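Got your viewer ready? Let's walk through this one stop by stop, beginning with a helix pair.

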Amino acid sequence: MSQQGPILVVSTARRPPFAAALDAAKLFPVIETEWTDSARAVEQVQPAAVLAAPSATNEAELAELAARVAARQPYLPLVAVDPPAAIPDNVIPFFQSQDAQAQQGGIDRLVGRLRAALRIRSLHATVMRRLVPAAPMTLSQIDPARDATVLLVGRGGAYPALSVALGERIGVVGALSIEAAAKHLNARDIDGIVLGEGFSLRVIDAFLTVLTEDARFRNLPVVVTVGDLAPTYDLPNLEMISGDASNVVATALPLVRQHAFEAHLARTLKAIDADGLIDARTGLLTVEAFERDFASAVYQTQQRGGGLSVARFAFDPDHPRAQFDGARIISRLMRRMDFGAAQEDGSVVVVFTEADLKTAHTIARRLSSVMRHTSHGRRDTPSDPTVSVATLLPNDSAKSLRSRLQEDGRRVAS
């Protein structure tokens, strides 16, 4: 990864201690400025990232700096070291450990967090370069309540408060055990983990170690709310904080939003590689590409024989996010030979190639069982889709098969 500009360090003191970590990591040039000049410095220096050391007296300057940074493309990371309680949504918090033995680990974690953010900046630059026609794409377009999902792991008295506080701002998947959390991580897209109470230090340590050792999860935001562990794991977006649920949400949300933006960029790049045939938000086909491939699959199956089945997943219209989450789950878990698309009526239709009715029912049940464990918004209501399945008959066309699927869906719903 090539650094795309200098690192701008903003502080009241001329040389904050963490600036030495940037020199040691060869993240240079490092340019330092004071708060009064910080917003102007962003325009003049054209930095690749901004590191700030704010205090309670710098809230107005931090808000102005954050607004200036948010307007820039490609993505410009703004990391605040030991920030006050209230920070703007696009500011990534970083809390230094007070444990002297963990100081070096904290420095490594700060450098790791900065490098992870710079990779997102590089990805954004690549997407912007390849997107035709060019279109603005900013972090502000990512709405955590609509686009991101956090995995809440825990049990005990604090769990309901965390669930409600997170559910006010973001999609939540709950897990009462580490085993259930592992299943969710393997089954669906997660943008962050909040680990609450109910587990021993040994279990928490083992869980964090597993995350560290798996490249899929190493850059996930992880917020641990209990225990007395030093944050010395190779997890750049790990924070260990105490306090009420609002503090947890304030720390987790910017990190989770950044991860959701990275995931959106990755899907957009995949859509570009597929010549626009993939929907960047869901990872499934666009409706137009699906209709074309569906007609072709029906024709080919009728010509050469074999099986083909179709499933329709209909979601609760009172939970508009449910279709999006269901589509993402299907995109991640469906077989490589299958394809699907989110429909304008709020459903998701999936074609199972080389599948008879029994096989299609088995696959559809597996997909819908994962969806049931996802909640949306303020109410802890699971997404339990209505599923209808139809299989291709000898005299079917794409139109008649689709019509029968719709009829079966209406019967199932009634």
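Start by selecting Ala161, Leu162, Ala165 and Leu166 in α6, then add Ala245, Val248 and Val249 in α9: these are the residues that meet, contact being heavy atoms within 4.5 Å. That patch splits into 7 nonpolar, no polar and no charged residues (Ala, Val, Leu, Ile, Met, Phe, Trp, Tyr, Cys and Pro count as nonpolar, Asp, Glu, Lys and Arg as charged, the others, Gly among them, as polar).

A word on what you're looking at: this is a predicted model, where local features need pLDDT of at least 70 and side-chain atom pairs pLDDT 80 or more, while totals for chains, interfaces and linings use all residues. Numbering runs from 1 along each chain as its sequence is written, and side-chain values use heavy atoms, leaving out hydrogens and water.

Now show all of α6 (158–167) and α9 (245–273): their axes come within 9 Å and cross at roughly 45 degrees. Axes here are lines fitted to C-alpha atoms, for helices over the stretch in contact, with angles from 0 to 180 degrees between N-to-C directions. The pair is therefore oblique (under 35 degrees is roughly parallel, over 145 roughly antiparallel, 65 to 115 roughly perpendicular, the rest oblique).

Next, colour by secondary structure. You'll get 13 helices and 16 strands, which are DSSP runs numbered from the N terminus (helices H or I, at least four residues; strands E, at least two).

Pick out the parallel sheet: 5 strands, open, in the order β2-β1-β3-β4-β5. Strands pair if DSSP finds at least two bridges between them. At the edges sit β2 (30–33) and β5 (92–94), each pairing on one side only. Zoom in on β4 (78–81), joined to β5 by 3 bridges; alanine 80 has proline 93 as its bridge partner. Then bring up α2 (38–45), which touches β1, β2 and β3, and α3 (59–70), lying across β1, β3 and β4 at about 155 degrees to β4.

Over to the antiparallel sheet, where 4 strands form an open array, β12-β13-β11-β16. Here β12 (339–342) and β16 (386–391) each have a single partner strand, so one side of each lacks a neighbour in the sheet. The twist averages 15 degrees from one strand to the next. Select alanine 341 and you'll find valine 349 of β13 opposite. Add α10 (287–304), which lies across β11, β12 and β13, and α12 (357–371), which touches β11, β13 and β16.

Finally, zoom out: the C-alpha atoms fill a box of roughly 80 × 50 × 35 Å along the principal axes.
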